[in-house]
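Thank you all for making the time this morning. I would like to walk through one model with you, and I will put it on the screen before I say anything about it.

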Amino acid sequence: GAGPPESGKVPLGASLRLRSGCVKLDWAAGGETIIEGPAFIELASRRELFLGHGNVAANVPGGGFVVRTPSGVMTDLGTRFGVAVQPDGTTQVDVFEGAVQAVVHSSAAAPMTNGPTTGPTAQPLMLSAGKAASLAGGTVTLDQGGAMPQRFITRLSSDVSQLDVVDLVCGGDGSTHRRGEALDPVTGKYGELKPVGARSAEKSFHRIAGLPVIDGVFVPNGSRGPTLIDSARDLFSFPATTGIIVNHIWTGGAIPWFHSPAIRTDIAGVDYSQLPHGILCIHSNGGLTFNLANIRRLYPGRSLARFHCTVGNSYVNGTLNETGFNPRADVYVIVDGKVRQERRQFTNQDGVFTIDVPLQKTDRFMSLATTDGGDDINDDWVLWLDPQIQLGN
């Protein structure tokens with residue numbers, strides 16, 4: 001069908017097929033749900049719906065709201081949560097506040113109007129705030145990455161003016177102040193990783209699974225020719241580097257290091273490890289690429305106006321196990337394979353500088369990269385400070 005109208009009442013028992021876009025349902029019994037298309041739902045009662053496929057984000061105070069899917073039944077215990085159903089019926093449930101009870105079916109269920117082909121056959125699994133799980137084939141599997149707000153559209157209108165990029169890298173929607181996750185440009189792994197020392201990369205670009213706003217990570221090295229930096233196969237000609245990265249790309253808060261003392265997070269009298277501040281620590285040689293379309297998706301009707309942050313090097317000369325002189329580094333902001341701003345061969349003696357890059361509606365991918373400045377020193381403590389994406393109308 002053509003999808004629901006822009007506003008109006010939807011009768012119980014009705015089915016809605018949404019080809020694209022979003023619709024918000026306000027429930028007479030209280031609470032609201034946002035449906036993201038393509039999606040199919042059936043309204044079973046004042047507190048229950050069937051989600052055949054698509055995404056639902058629910059904010060229902062008081063508890064008792066039920067979402068049924070082909071894989072199972074999710075019962076809200078007074079919370080905010082999201083449910084996503086893939087075309088094969090696999091269900092993902094993320095809990096942001098409160099708790100959800102999840103029960104799997106032993107086999108696929110028919111739409112609600114016909115009743116499920118089988119009833120729940122497993123013990124209920126209680127998912128508390130911050131937890132996530134997938135339901136498929138009669139089994140439920142906890143998602144080790146936990147609940148990710150960026151999997152779901154939770155608002156159709158917002159007065160948010162800027163997005164916290166560190167939060168986005170940590171699975172948030174740009175407003176939830178998440179910190180402490182890491183991206184490994186050598187393997188493409190993501191999460192709460194252990195600090196590591198110097199490593200070389202055989203493959204330059206890795207996609208990041210399960211983190212929608214991040215397209216991938218890479219190790220820039222111009223000595224091998226242009227570096228692949230995004231899934232659209234865009235290349236960028238970085239200067240020759242060692243092809244080695246020290247540690248991971250870290251989000252902070254505190255930045256874990258593989259020996260003591262830890263990386264300094266204070267520059268120019270400000271400790272950026274403390275909220276509301278945030279840090280992306282990208283040692284040379286490392287880079288990550290954002291999927292701008294997936295960031296726009298989170299805020300319907302809004303544009304991405306510009307990327308803004310300051311950059312500095314917090315390195316302390318003569319620190320234990322480190323060099324006694326000023327390591328050089330380069331940083332780049334690259335959009336769809338074209339450099340938008342760069343700073344070459346700065347050191348810890350140069351203070352902080354501003355990055356400010358306008359973004360266009362047609363921009364697809366934005367890459368942030370640090371290289372070694374030509375001195376073959378890979379443990380530059382390069383900090384991208386308070387990175388933000390400013391929203392437009």
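**Salt bridges, strands and spaces**

Let me begin with Asp184, which is buried, with a relative accessible area of 4%, where buried means under 20% relative accessible area, exposed over 50%, and partly exposed in between, using a 1.4 Å probe and protein chains only. Before going further, I should say that this is a predicted model, in which local features need pLDDT of at least 70 and side-chain atom pairs count only at pLDDT 80 or more, while totals for chains, interfaces and linings use all residues. Residues are numbered from 1 along each chain as its sequence is written, and side-chain values use heavy atoms, with hydrogens and water left out.

Asp184 forms a salt bridge with Arg199, the closest N and O atoms being 2.9 Å apart; the term stands for a side-chain nitrogen of Lys or Arg within 4 Å of a carboxyl oxygen of Asp or Glu. The pair links distant parts of the chain, with Arg199 in strand S16 (residues 198–200) and Asp184 in the loop between strand S14 (182–183) and strand S15 (190–191), 15 residues apart. Strands here are DSSP runs of E with at least two residues, and helices are runs of H or I with at least four, numbered from the N terminus. Arg199 itself counts as partly exposed, at 21% relative accessibility.

The structure holds 18 salt bridges, and I will mention two others. Arg207 and Asp215 form one, with their closest N and O atoms 3.5 Å apart; Arg207 counts as exposed at 54% relative accessibility, whereas Asp215 counts as buried at 1%. Salt bridges that share partners also join Lys24, Asp26 and Glu32 into one network. Within that network, the side chains of Asp26 and Lys24 meet at 3.0 Å, N to O, with Asp26 exposed at 55% relative accessibility and Lys24 partly exposed at 35%.

Now to the strands. An open sheet of six strands has the order S17-S18-S26-S31-S28-S29, with antiparallel pairing, and two strands are said to pair if DSSP finds at least two bridges between them. Which strands stand at the edges of this sheet? They are strand S17 (205–207) and strand S29 (338–346), each with a single partner strand, so one side of each is left without a neighbour in the sheet. Neighbouring strands of this sheet are turned by 15° against each other on average, direction ignored; the axes are lines fitted to C-alpha atoms, for helices over the stretch in contact, and angles run from 0 to 180 degrees between N-to-C directions. Strand S18 (residues 214–218) pairs with strand S26 (residues 286–291) over four bridges in the antiparallel sense, and there Phe218 stands opposite Gly287 in S26.

Elsewhere, strand S6 (residues 72–76) deserves a look, since five of its five residues are buried. In a regular strand the side chains alternate between the two faces of the sheet. In S6 both faces are covered, with Gly72, Met74 and Asp76 on one side and Val73 and Thr75 on the other, all buried. S6 pairs with strand S5 (residues 66–68) in the antiparallel sense over three bridges, where Val66 stands opposite Thr75, and a hairpin joins S5 to S6 through three residues. Five bridges join S6 to strand S9 (residues 99–104), again antiparallel, with Gly72 opposite Val104 in S9.

Finally, the spaces. On a 1 Å grid over the protein atoms alone, a cavity is a set of points where a 1.4 Å probe fits but cannot get out, and a pocket is an open set with protein on both sides within 12 Å along at least five of seven lines, while lining residues have an atom within 4 Å of a point. Grid points are joined across faces, edges and corners, and a volume is the space filled by probe spheres set on the points.

The second largest pocket holds about 300 Å³ of space and is lined by 16 residues, of which Asn55, Ala84, Val85, Gln86 and Arg151 lie nearest its centre. By this rule there are two cavities of 30 Å³ or more, and the second largest is lined by Leu16, Leu18, Val23, Ile35, Ala39, Phe40 and Ile41. S3 gives the most to that lining, with four residues.
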